[in-house]
Amino acid sequence: MNETSTNKRPLILKAENVHKSYRMGATRVKVLKGANLSVREGEFVAVIGASGSGKSTFLHILGALDRPNEGDVSFDGHYFSRMGARELNHFRNEMVGFVFQFYHLLDELNVLENVYLPAMVSCGVAGWLGTRGAAKARARELLETMGLQDRIRHKPYQLSGGERQRVAIGRALMNKPRLLLADEPTGNLDSATGNGILEVFEQLNRAGQTIVMVTHDERVAHRAGRVITLADGRVKS
Ligand SMILES: Nc1ncnc2c1ncn2[C@@H]1O[C@H](COP(=O)(O)OP(=O)(O)OP(=O)(O)O)[C@@H](O)[C@H]1O
Ligand SMILES: [Mg+2]
C-alpha cells in the first residue's frame, strides 16, 4: 500500500530504542544499538542491511521470539516487557505469523496438516474436536488460494522450494494474524519462483495484511511500500 493511504492508520507495532548484544566467550558483540521502528496497520515494510547487520535478530525481537537487552516493543500499545508468558504465547500464536527462509515445515506431517497446525496449537486438545472441521476447511481454502489444492496430501519433501514456501505462508496465515513477519522468504528460491512468492505478499498486502519482510536484496525490497535499512545497529530510513 502507498504511504498516503497508510499514514493515517493506527500504529500496530512499535520498537523503541532496541538494544541487543550477544556474549561470545569473553567479548560482547553489540548487534542492535537503539533501533526504532513504527509500523502502521496495512503497511508493507522491507528491512534491508548487510549480512550480519542484525536483520534476523531485529525481526525475532519484533515477533517476541527473542528479548532485547534494553528498549521495548509494543503491539497495539501493549509492551512485550509487561506481558506475562501466557500473553506472549497468545501474541506469538494468534497475532503474528512467521515465514522463514528455510520454510521450517514438519516433514512427518502432510501439507494440509502443516497448515492447520497453528489452529491445533491455539485451541488445545479438547477444543480441537470442536474446531477441526472449520480449521481444515480454512487450511484447504488457503492452499487453494496458493494454487496447492493438488498437493494437500504431499509431504514437504515431495514439494519444490516455491511450493514449500507457499505452504509456510499458508501456515503463517492460518490463525489470521494481524502481522506477518518474513525473514528472507525468497532467499532460497530462484528469481522466477521468488517473484511468485513476492506476488503472494503483494496480494496479501492489497487485502490489508500488515507485513514486515527482511531481505538483503534491494530489488526484492522495492516491492514493499517502504524500505528501511539496518546499519550500525540502528534503523536508517
Ligand atoms: N545466538 C547468537 N549468539 C551469538 N551471536 C549471534 C547470535 N545470533 C546472531 N548473532 C550475531 O549477531 C549478528 C547479527 O546476526 P543476524 O542473524 O541478526 O544478522 P542478519 O542481518 O540477519 O544477517 P544475514 O543477512 O546473514 O541473515 C551476527 O554477527 C551474528 O553472528
Ligand atoms: Mg538473517
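User: In this model, how far does a polar side-chain atom of lysine 55 lie from an oxygen atom of ligand 1, and what makes such a pair a polar contact?

Analyst: In this predicted model, the polar side-chain atom of lysine 55 is 2.7 Å from an oxygen atom of ligand 1. A polar contact is a pair of N or O atoms within 3.5 Å, so the pair with lysine 55 counts as one.

User: Which other side chains place an N or O atom 2.5 Å from an oxygen atom of ligand 1?

Analyst: Serine 51 has a polar side-chain atom 2.5 Å from an oxygen atom of ligand 1, and an N or O atom in the side chain of threonine 57 is also 2.5 Å from an oxygen atom of the ligand. The residues surrounding ligand 1 include Tyr22, Met24, Val31 and Glu184.

User: Why is H5 called roughly parallel to H6?

Analyst: The axes of H5 (residues 161–173) and H6 (residues 191–206) come within 9 Å and cross at roughly 20°. Angles under 35 degrees count as roughly parallel, and therefore H5 is described as roughly parallel to H6.

User: Which residues make the contact of H5 with H6, and how do they divide into nonpolar, polar and charged?

Analyst: Gly162, Gln165, Arg166, Ile169 and Leu173 of H5 meet Thr193, Ile197, Val200, Phe201 and Leu204 of H6, and these residues divide into six nonpolar, three polar and one charged.

User: What is notable about the phi of lysine 176, and where is the place of this residue?

Analyst: Most residues other than glycine have a negative phi. Lysine 176, however, has a positive phi, near 50°, and is found in the loop between H5 and strand E7 (179–183).

Note on methods. Residues numbered from 1 in each chain as written. Chains lettered and ligands numbered in written order. Predicted model: local features only at pLDDT ≥ 70, side-chain atom pairs only at ≥ 80, totals over all residues. Heavy atoms only, no water. Axes fitted to C-alpha atoms, helices over the stretch in contact; angles between N-to-C directions. Helix = DSSP H or I, 4+ residues; strand = E, 2+ residues; numbered from the N terminus. Parallel < 35°, antiparallel > 145°, perpendicular 65-115°, else oblique. Contact = heavy atoms within 4.5 Å. Nonpolar A, V, L, I, M, F, W, Y, C, P; charged D, E, K, R; others polar. Near = heavy atom within 4 Å. Polar contact = N/O pair within 3.5 Å; in protein donor to acceptor, adjacent residues only side chain to side chain.
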